[in-house]
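This report describes the domain arrangement, the ligand surroundings and selected backbone features of one protein model. The sequence and structure are shown first.

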Amino acid sequence: MKNIDSYTHLRGESLFVDDIITRQDTLYGLVFDSPKAHGKIISVNYANAEAVEGVIKIFTYKDILGKNQIGGIIADEPLWAEDEVHFWGQPIAFIVAETKAIAKKARALIEIEIEELPVITTAREAKEKGSFINAPRSFHLGNTNEAFEKCEHVFEGKTFSNGQEHLYLETQGAYAIPMENGNIKITSSTQGPTSVQKIVAQVLGVAMHKIEIDVIRLGGGFGGKEDQATPWAVMAAVAVQQLKKPVKYILNRHDDLRMTGKRHPYDSTYKIGLDEHLKIIAYDVEFLQNSGAAADLSPAIAERTLFHATNSYYIPNVSSIVHSCKTNLPPNTAFRGFGGPQGMFVIESAIAKAADALGIDKRLIQEANLLVENDAFSYGQIATKVEMENTWNTAIKQFDLEKLEKETAEFNAANTNYKKGISLMPITFGISFTNTPMNHARALIHIYQDGSVGVSTGAVEMGQSVNTKMLQVASQTLGISPDKVKLETTNTTRVANTSPTAASATADLNGKAVLKACNALKERLKVVAANLLDANIEHIVFKEDIVFATKEEIFVSWEKVVAAAMLKRVALSENAHYATPIIHFYKTKEKGHPFAYHVYGTAITQVTVDCMRGTYEIDAVKIVHDFGKSMNLGIDIGQVEGALAQGIGWMTMEEIAYGKDGRLQSNALSTYKVPDIFSAAKKVAIIPLETQGNDMAILKSKAVGEPPLMYGIGAYFAIQQAIKAFNPKHKLQFHSPYTPEKVLMNLYE
Ligand code: MTE
Ligand code: LUZ
Ligand code: MOS
């Protein structure tokens, strides 16, 4: 089944926030943000801006009737700066005008005087100065101190992985309209409708029920709209509360790039110990997360870094610590993988360093340590239904790694100016929000009296096709054709108290709620059908728009059963709740069973480096991925391909640059390069691993949104291999992204 949005997407008919009908009296908002990264606000002069014809009002923190506070996990972030600014791009005021052009003109006329304070842009510097968001977290397994003593080989090193811009096609934005009695309805481009509702209520000083959030779909989120879609909706709502007129605010690309946070850069230090059989006995790692100027989701992201610090390997002695370092950058935020990729880059670097020092293939160390059944993770969960070796061995066999390696060696022997590299990248990714209480969802299903069905859930469609999956669950469970089912918008008045669409768990959580609701409806309809067909309830089957009494060859149409149910006054609506069973986590011990299950996979990446220029091509990425029993292979393969491209971009070309003054230098698409069709892998082959699937996953079809991003890490190590082939004296560096400039330096140093 195709993505149900593909028809309207291709015709340009799909609706996003900026496409919905605006009321005639709509006003337009625009943020005035800090032109300095850190300082005391001495004065702001709004007089000239206010004098522009068509400017209605300029809002500042003084206009807030509730709390000037939007922090989700920690209350450390004002909506609008008060006396101090902490990052370049921090919102200070909100201009509301008759048109966008007027607001823009007014913004240029605001004068601000800031007494500058020292600016911190790197995590290392923040740590030296003791600037943190919160206390560090650490996980421990076994005893690393004792274990290192016994190791045959011990290696230490440092790594750096840079941030990443989400670059959702649809920029951030919201449209707020006044309803009666001070109620406000907001159409928002958010992954978290409930967070928007909650924070709007808090800032306005009103009850949550006065605020309705509606989400049609997002033009991409990638984590960038899990928390950071909120401020714009709140600002529009503050203006609506006081002006009683609709207010729209859609950020332009420059403003969005400058003001929003990105993937967290990490500075890390590791120590790895191996025995004579290449078994990793001990691993010690310190992560310095560059959190930016406020907590945002950083504490949760830091936690996931620890969960994935050992990637797909069993290591009996682990000691890991993460510091969320407070810097003067925009608060960094969720991004596909949520800290997991940053953790995995370090262990892969440690293994590469060890292999290089020992003069062996990295693959041998990887292979000797792959996770197997009943191995313990450092956080206490015991790995079960492990498919790690299965994906690894299948990839090696199906893609004939031996032949690929032979071809690479032959090519490198025959060419001086071009070198090829090859790498293997295993992934193991935990599915569930690491914060256990977030793992629940609801669905509300209406069967209308003509037999058509409307499905509402807490899931937000952002291109990942979750709506299509929800539709499949409903149509399969009710035994009706897909065109009888409609997916409604995501709305807080229909489905309340939702977790954000995140953690790759949306289809599982919301899908299980849809399944439950449909089964409950079916049970009621079975009684009606049994009555109509004069048959036994146990024999009633719903299939292809017909309700059968099996064995008896007696049947009636779905529509007739629904119509009969209506006459018999049977409830045709159902609201179901699903909460993931089993999972738990004890924060005081840092142990538990946080994940419903893990997703596994292996990627083989082949690259060719042009050793004159430092440029490179990704020749092929060959993947064996554990989809469980995929409910929609077209969609799931699309997710793998997209995540892979995004992961390769993060590792190779996307270079976020801030000046020492904290100003974003890569502030446009001319200075920030994302993968395009020319830099995409020339070939991508994806083999679904054959398994029985997992019952914790919706219809046994495993979560797929984030895990494949980490296949992109393989590109870094394949490029490194090619460099090494050209320059055997090269001292390996673990500093991503591997831009052509860096590759060139590495080839000749
Ligand atoms: N795919 C598209 N096309 N657009 C997106 O914004 N977000 C990713 C992933 N795939 C995203 C995407 C992220 S960060 C997550 S967490 C998951 O989708 C969320 O959706 P799911 O839980 O339904 O997988
Ligand atoms: N968001 C979140 C996430 O709040 N908790 C998580 O564990 C998570 N994991 C991945 C992506 N987003
Ligand atoms: Mo995804 S980073 O969980 O939005």
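The protein comprises domain 1 (18-118 + 166-259), domain 2 (266-434 + 587-747) and domain 3 (440-579), with bounds that come from an automatic or database domain assignment. The model is predicted: local features need pLDDT of at least 70 and side-chain atom pairs count only at pLDDT 80 or more, while totals for chains, interfaces and linings use all residues. Residues are numbered from 1 along each chain as its sequence is written, chains are lettered from A and ligands numbered from 1 in the order in which they are written, and side-chain values use heavy atoms, with hydrogens and water left out.

**Interface of domain 1 and domain 3**

The centres of domain 1 and domain 3, taken over C-alpha atoms, are 38 Å apart. Domain 1 contributes 18 residues to the contact and domain 3 contributes 16 residues, where contact means heavy atoms within 4.5 Å. About 1,300 Å² is buried between domain 1 and domain 3, and carbon and sulfur atoms give 51% of this area; buried area is the accessible area (1.4 Å probe) that two parts lose on being put together, summed over both.

One salt bridge is found across this interface, the term denoting a side-chain nitrogen of Lys or Arg within 4 Å of a carboxyl oxygen of Asp or Glu. Eight residue pairs, both members at pLDDT 80 or more, are in polar contact across the interface of domain 1 and domain 3. A polar contact is a pair of N or O atoms within 3.5 Å; within protein, one must be able to donate a hydrogen and the other to accept it, and residues adjacent in sequence count only if both atoms are side-chain atoms.

On the side of domain 1 that touches domain 3, helix H6 (193-204) and strand E11 (211-215) are the elements that give two or more residues. Helices (H or I, at least four residues) and strands (E, at least two) are DSSP runs, numbered from the N terminus. Strand E11 gives the most to this side, with five residues.

**Ligand surroundings**

A residue is near a ligand if one of its heavy atoms lies within 4 Å of it. The residues around ligand 2 include Phe 338, Phe 433, Thr 434, Met 438 and Glu 706. Around ligand 1 there are 18 residues, of which Gly 221, Phe 222, Met 462, Thr 506 and Gln 639 come nearest. Polar contacts of the two ligands are listed below.

| Ligand atom | Protein partner | Distance |
|---|---|---|
| Ligand 1, oxygen | Gly 221, polar backbone atom | 2.7 Å |
| Ligand 1, nitrogen | Arg 336, side-chain N or O atom | 3.1 Å |
| Ligand 1, nitrogen | Gln 639, side-chain N or O atom | 2.7 Å |
| Ligand 2, nitrogen | Glu 226, side-chain N or O atom | 2.8 Å |
| Ligand 2, nitrogen | Arg 304, polar side-chain atom | 2.9 Å |
| Ligand 2, nitrogen | Ala 503, polar backbone atom | 3.4 Å |

**Salt bridges and backbone features**

The whole structure holds 35 salt bridges. In one of them, Arg 217 pairs with Asp 5, the closest N and O atoms being 3.0 Å apart. Arg 217 lies in the loop between E11 and helix H7 (230-243) and Asp 5 in the segment before helix H1 (6-11), so the pair ties together parts that are 212 residues apart in sequence.

Most residues other than glycine have a negative phi, and most peptide bonds are trans. Asp 534, which is not a glycine, has a positive phi of about 55°; Asp 534 is placed in the loop between helix H15 (506-533) and strand E21 (540-543). Ser 736 and Pro 737 are joined by a cis peptide bond with omega of about 5°, and Pro 737 is found in the loop between helix H18 (713-726) and helix H19 (740-748).
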